[in-house]
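Let's take a walk through a protein chain together. Have a look at the sequence and the model first, then read on.

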Amino acid sequence: KPIPGIPYNVESLRPFGDLTAALKYRKKHRAMMTYFASKCLERHEPIMQFFFQPFARPLVVVCDQREGLDILTSRSREFDRSPLFSNLFRAVLPHSSIVMQTNDQWKYNRRLVSNTMSPAFLGSVGVSTAYSATMDMLDLWKRKAALLPHHVIDVKEDVFMSLVDVIWTVTFGSDLQVCKTQAKHLAALESIANPEMINGLTIVPSCKPPQIYDSLVRLFGSSQIALESPLGYKAHWLALKTSTPLRRAIKLRDALVSQQLHAAYQKFITVDTSASAGKAQSAVELVVQTEEQAARKDGRSPLDASTRDYIQDELNLFLFAGSSTTAEEVCWGLKLLTAHQDVQEKLRVAISDAFDSHTPTPTTLAQIKVPYLDAFVYETLRFGGNTQNTMRVSLVDTTILGHFVPKGTDIFVVNRDIIPHNSSCPCPVDESKRSPTSQASKKSTPLKWSHVDLNTFRPERWLAETTKGTEFSPQAVPLLTFGEGPRGCFGRRFAELEMRVLFTLIIWHFELLPIPAELEDFDPLEMLTMAPANCRVKLRESQ
Ligand code: HEM
């Protein structure tokens with residue numbers, strides 16, 4: 001039953017609602033998540049409702065970035081984490097903060113990890129971990145480029161392996177050596193006489209990665225079951241209980257994470273805690289410190305039955321949320337640098353100037369600011385943008401853009417201002433219909449709302465001339481890739497740092513040469529997020 005007044009497609013009222021049309025759309029565009037925005041744009045409507053399940057309530061889509069941002073940031077008493085979103089993770093991370101509404105348990109879980117995003121931790125452990133894992137990946141690339149010079153290869157898996165290496169080391173302080181394992185395998189080969197080629201792409205020999213890497217990747221991918229099955233979360237839960245590879249993956253992950261947690265606790269009680277405070281080498285050490293303080297305050301034992309599952313799943317969430325999302329964005333960035341050689345050249349010059357021709361080190365990477373690099377990272381996040389919509393649920397009867405929205409309605413805020421890469425957002429809004437906070441925000445953020453030239457990849461849009469020279473301007477264009485507000489991405493600062501470190505080192509050590517047009521595409525692979533379907537590059541080591 002439609003919500004009165006909110007526009008919808010008449011065909012939506014058929015038995016399967018929008019599902020049939022959305023599946024047809026996915027066949028054509030290889031993605032379903034952009035369906036909502038495309039319909040809003042087609043009808044020039046900033047708000048629409050859609051019907052996906054028989055007898056379920058309609059889903060309300062807001063395709064206006066100012067109103068969307070206002071819902072996420074200023075109206076958190078009216079809108080919270082949506083069960084639709086939580087159910088994608090509930091089976092695999094049942095005690096983690098991502099599945100919770102913003103309640104006391106969420107606050108406890110968040111407090112456990114809050115110090116991991118402090119400038120002190122990121123500037124030391126974060127940078128040095130990202131540095132060493134990236135150098136491992138680049139060592140692998142050097143071997144690939146030496147064995148197969150002038151070949152186009154796909155490096156998507158390398159990037160994923162590297163980002164899993166980073167997140168594992170940041171979380172536990174130990175090294176998984178996923179990229180190193182592949183590099184060692186190639187080191188044993190003197191040459192590759194007849195490399196396997198598929199449609200112009202060279203397949204590089206590889207070896208089996210460590211088992212935990214396979215398990216983590218399998219678990220990341222398993223949320224797709226919840227997304228695609230009509231039984232949603234229940235199908236995912238059942239698969240985790242009945243599928244042997246998934247059961248094994250959960251068992252291994254839980255055993256290793258529990259082992260790391262207890263090792264960190266043992267270290268905490270045996271090493272002088274006052275000396276180690278503030279000098280934690282990993283997220284798990286910070287988590288143990290916070291838990292110990294909380295336990296002392298509550299008069300209970302640390303890691304007791306009331307908290308153990310929450311702590312363990314918060315660490316699992318770190319691994320889950322912190323690797324594939326960043327890897328996907330890095331892959332989009334590599335594709336964009338290959339396709340836009342002029343941007344790559346500008347980035348190379350900017351980095352070389354900023355580092356004064358000295359090879360970047362963890363210390364200089366933490367200190368030196370490169371405005372064009374920041375601009376490139378933000379433009380990649382905007383243009384590549386692997387998240388399409390941010391989901392919330394209405395906690396009370398309320399209004400959006402002048403329309404009544406009942407309590408319990410799922411809301412999709414469209415993240416992207418370009419969908420998909422070829423149309424800007426021409427959905428006019430009557431200013432008086434906006435919420436009071438949204439109306440007020442126009443005055444304080446006039447720059448944000450320029451929709452100029454959004455269909456092109458142009459890092460310069462994030463730069464501003466100031467009295468101090470050219471500076472990075474993070475507010476130049478709305479960016480909702482990380483969601484926003486109290487439930488926006490917790491790891492945003494770390495993700496941005498990782499991307500800065502990775503791109504600096506890649507550009508320093510390699511040139512990404514142009515590749516034949518038939519190998520260069522921007523096809524998405526829609527999973528929970530929008531990854532590029534491939535990441536083909538032609539590497540040449542810098543002289
Ligand atoms: C480029 C990389 C990343 C992207 C695009 C991304 C995107 C997102 C998005 C869209 C959300 C939901 C936000 C909302 O509903 O408003 C989210 C949540 C979250 N992300 Fe990220 N993320 C990235 C990297 C990371 C990293 C590196 C970590 C951890 C180290 C992380 C940890 C989390 C957590 C814990 C949440 C749940 C927050 C909550 O429920 O309160 N993310 N992320």
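## Around the ligand

24 residues surround the ligand, and the closest are Ala 321, Gly 322, Gly 483, Cys 489 and Gly 491. Bear in mind as you look that this is a predicted model. Which helix gives the most to the shell around the ligand? That's H14, with 7 residues. H14 runs from 308 to 339. Helix H19 (492-509) is there too: H14 and H19 each supply at least two residues of the shell. Sort the shell by class and you get 10 nonpolar, 11 polar and 3 charged residues.

## Stepping back to the whole chain

Now zoom out. The chain has 19 helices and 16 strands. Its C-alpha atoms fill a box of roughly 70 × 60 × 55 Å along the principal axes. A compact globule of 543 residues would have a radius of gyration near 24 Å, and the chain has 24 Å, so the two agree. Of the 543 residues, 43% count as buried.

How does the chain fold back on itself? Take the contacts between residues at least 6 apart in sequence: 76% of them join residues at least 24 apart.

## Two domains

The chain is divided into two domains, and each is written as two stretches of sequence: domain 1 is 10-93 + 388-472, and domain 2 is 115-383 + 480-541. Taken over C-alpha atoms, their centres are separated by 28 Å. The contact between them takes 33 residues from domain 1 and 39 residues from domain 2.

What does the side of domain 1 that touches domain 2 consist of? The elements giving two or more residues to that side are helix H3 (65-74) and strand E12 (469-472). H3 has the largest share, 5 residues. By class, that side of domain 1 has 16 nonpolar, 10 polar and 7 charged residues.

## A helix with a buried face

Next, find helix H5, which covers residues 104-113. Its buried residues are Asn 109, Leu 112 and Val 113. Why do they line one face of the helix? Seen down the axis of H5, the buried residues fall within an arc of 85°, so they share one face. There's a handy general rule to keep in mind here: an α-helix has 3.6 residues a turn, so residues three or four places apart point the same way. And what do the buried residues of H5 pack against? Helix H13 (283-298) and helix H14 (308-339). You've met H14 already, as the helix that gives the most to the shell around the ligand.

## A few residues up close

Let's start with Ser 223, which sits in helix H9 (residues 211-228). Is Ser 223 buried or exposed? It counts as buried, because 21 other C-beta atoms lie within 10 Å, and the cut-off for buried is 20 or more. Ser 223 touches Leu 88, Phe 89, Val 92, His 236 and Leu 528, leaving out residues up to four places away in sequence. Ser 223 and Met 527 are 304 residues apart along the chain, yet their C-alpha atoms are separated by 8.6 Å.

For some wider separations, try Ala 294 in helix H13. Ala 294 and Gly 5 are 289 residues apart in sequence and 49 Å apart in space, C-alpha to C-alpha. Leu 238 belongs to helix H10 (residues 233-242). The C-alpha atoms of Leu 238 and Val 284, 46 residues apart along the chain, are separated by 30 Å.

Here's how these residues, plus two from loops, count by burial:

| Residue | Other C-beta atoms within 10 Å | Status |
|---|---|---|
| Ser 223 | 21 atoms | buried |
| Leu 303 | 19 atoms | partly exposed |
| Ala 294 | 15 atoms | partly exposed |
| Leu 238 | 14 atoms | partly exposed |
| His 44 | 12 atoms | exposed |

The two loop residues deserve a look at their backbone. Most residues other than glycine have a negative phi. His 44, however, has a positive phi near 55°. You'll find His 44 in the loop between helix H2 (35-43) and strand E1 (47-50). Leu 303 also isn't a glycine, and its phi is positive at about 55°. Leu 303 is in the loop between H13 and H14. Those are the two helices that the buried residues of H5 pack against.

How values were computed:
Residues numbered from 1 in each chain as written. Predicted model: local features only at pLDDT ≥ 70, side-chain atom pairs only at ≥ 80, totals over all residues. Helix = DSSP H or I, 4+ residues; strand = E, 2+ residues; numbered from the N terminus. Rg over C-alpha atoms; globule rule 2.2 N^0.38 Å. Contact = placed C-beta atoms within 7 Å. Arc of directions from axis to C-beta. Near = placed C-beta within 6 Å. Nonpolar A, V, L, I, M, F, W, Y, C, P; charged D, E, K, R; others polar. Domains from an automatic or database assignment.
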